[in-house]
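Trainee: Could we go through this structure together, with the reasoning behind each label spelled out?
Mentor: Gladly; let's open it up and start.

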Amino acid sequence: MNHHPPDQARSPQPPHVAFVGRANIDITVRIPQRPVPGRTTFASSPATTTPGGKSLNQALAARQAGARTSLISNVGDDEWGIFLNRALTDAAVDVSHFRLVPSAPTGIAIIEVTPDGENYIVLARPPKTELTGEHVRSALRQLRAPTVVTQLDLQPEAVDAVFQHHDAGTLIGNLVPHPTLGATALAPLDLFVSNEAEAAAILGRHHADPSIAAQELRKLGPRAVVLTVGARGAVYSDADHTALVPAQHVNAINTSGAGDAFLGTLAARLAHKVPLTHAVAEGVTAATTFVRVGGRQ
Ligand SMILES: Nc1ncnc2c1ncn2[C@@H]1O[C@H](COP(=O)(O)OP(=O)(O)O)[C@@H](O)[C@H]1O
Ligand SMILES: [Mg+2]
């Protein structure tokens with residue numbers, strides 16, 4: 001990955017990772033099977049209400065993995081926005097660029113979890129809380145975090161602002177890029193991280209062998225690719241190696257957010273200058289623990 005000045009490596013401060021993307025409320029219910037049209041499915045009660053959203057989850061995981069962490073994101077100025085701000089502050093995530101947008105609602109995800117731990121997610125995403133290029137630009141300029149992790153499905157101006165900022169640090173992207181950007185959004189990245197479904201959406205076909213998919217994604221320009229493959233673990237591919245890091249077999253209670261636990265941990269470890277192979281292994285361990293215990297503790 002990238003090289004930082006030696007004085008930073010010697011610094012007693014933990015490495016700083018900035019996350020650019022979404023935060024929302026997760027309302028999670030456990031259901032015996034997927035709902036069918038026109039029939040009510042009864043969930044186990046109560047539903048749980050927790051902080052969520054890709055970048056928020058990743059930031060909390062990175063914080064837990066020992067990084068200094070900032071979240072650049074927007075929510076509404078409603079009670080949910082205040083709740084999220086408090087949760088981040090309690091976890092010691094920097095919220096100096098986490099904005100509560102006046103008279104906007106906070107996004108809400110409805111998450112249904114079936115007994116096999118699989119999850120089905122619907123996200124109500126308010127347009128008013130989409131990140132703007134200006135917000136991202138000024139936040140990154142002020143934070144000067146050497147490692148930046150961005151969702152690629154944000155509005156193109158927000159993703160472009162991340163790319164323009166990209167100077168000496170490590171740039172990590174995840175998710176299927178916004179259609180306007182398409183696969184070209186992978187080219188500026190030091191590392192692209194996705195799950196198998198996202199990889200298939202980008203490549204336009206599913207590869208049974210995730211190593212092939214990772215190598216195909218790398219041809220789109222990122223210096224390295226990591227593909228998470230659920231219970232099988234994760235595959236990484238860089239200029240030197242392509243290999244599978246297997247996950248331990250566990251009884252999955254809830255897999256929702258596992259990919260974020262993985263990426264937050266991976267980013268924190270890479271920021272600590274841990275080599276990619278080991279950072280991926282630590283990400284797999286953290287994510288496997290996450291699904292075994294049923295979420296963030
Ligand atoms: N059923 C499972 N058993 C063990 N580990 C799992 C399981 N599902 C996910 N994981 C862990 O979480 C990581 C991410 O999961 P994955 O399903 O690939 O992503 P996503 O959360 O995007 O669906 C995997 O690399 C693995 O470490
Ligand atoms: Mg999964």
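Trainee: Is the crossing of H6 and H7 left-handed or right-handed?
Mentor: The crossing of H6 and H7 is left-handed. Keep in mind that this is a predicted model.

Trainee: What makes H6 oblique to H7?
Mentor: H6 and helix H7 (residues 210-218) pack at an angle of about 50°, with their axes 10 Å apart. Angles under 35 degrees count as roughly parallel and 65 to 115 as roughly perpendicular. The value of about 50° fits neither class, so H6 is oblique to H7.

Trainee: Which residues make that contact, and what is their class?
Mentor: From H6 come Glu196, Ala199, Ile202 and Leu203, and from H7 come Pro210, Ala213, Glu216 and Leu217. By class, there are six nonpolar, no polar and two charged residues.

Trainee: Glu198 is found in helix H6 (residues 196-203) too. Why does Glu198 count as buried?
Mentor: Its relative accessibility is 13%. Buried means under 20%, so Glu198 counts as buried. Leaving aside residues up to four places away in sequence, Glu198 touches Leu175 and Val176.

Trainee: And why is Arg86 called exposed?
Mentor: Arg86, which lies in helix H3 (residues 79-90), has a relative accessible area of 55%. The cut-off for exposed is over 50%, so Arg86 is exposed.

Trainee: Back to helix pairs: what makes H4 roughly parallel to H5?
Mentor: Helix H4 (residues 133-143) and helix H5 (residues 156-165) pack at an angle of about 25°, and their axes are 7 Å apart. Roughly parallel means under 35 degrees, so H4 is roughly parallel to H5. H4 passes H5 in a right-handed crossing.

Trainee: Which residues meet there?
Mentor: In H4 they are Gly133, Val136, Arg137, Leu140 and Arg141, and these meet Glu157, Ala158, Ala161, Val162, Gln164 and His165 in H5. The residues of this contact of H4 with H5 divide into five nonpolar, three polar and three charged.

Trainee: How do you know that helix H2 is mostly covered?
Mentor: Helix H2 (residues 54-64) has eleven residues, and eight of them are buried. The buried residues are Ser55, Leu56, Asn57, Gln58, Ala59, Leu60, Ala61 and Ala62. After H2 comes Gly66, whose phi is positive, near 100°.

Trainee: What about the largest nonpolar core: how many residues does it have, and which have the most contacts inside it?
Mentor: The largest nonpolar core has 38 residues, and those with the most contacts inside it are Leu71, Val226, Phe262, Leu266 and Val280. Helix H8 (residues 258-271) supplies the largest share of this core, seven residues. Apart from it lies another core, of 31 residues, with Leu152, Val162, Leu186 and Phe192 among them.

Trainee: Why might nonpolar side chains be found buried together?
Mentor: In soluble globular proteins, nonpolar side chains tend to be buried together.

Trainee: Which residues does Val226 touch?
Mentor: Not counting residues up to four places away in sequence, Val226 touches Leu191, Phe192, Val193, Ser194, Ala234, Val235, Tyr236, Phe262, Leu266, Leu276 and Val280. Among them, Phe262, Leu266 and Val280 are also listed with the most contacts inside the largest nonpolar core.

Terms used: Residues numbered from 1 in each chain as written. Chains lettered and ligands numbered in written order. Predicted model: local features only at pLDDT ≥ 70, side-chain atom pairs only at ≥ 80, totals over all residues. Heavy atoms only, no water. Core = buried A, V, L, I, M, F, W, Y, C linked by side-chain atoms within 4.5 Å. Buried < 20%, exposed > 50% of the residue type's maximum accessible area, 1.4 Å probe, protein only. Helix = DSSP H or I, 4+ residues; strand = E, 2+ residues; numbered from the N terminus. Contact = heavy atoms within 4.5 Å. Axes fitted to C-alpha atoms, helices over the stretch in contact; angles between N-to-C directions. Parallel < 35°, antiparallel > 145°, perpendicular 65-115°, else oblique. Left-handed = near helix turned anticlockwise from the far one by under 90°. Nonpolar A, V, L, I, M, F, W, Y, C, P; charged D, E, K, R; others polar.
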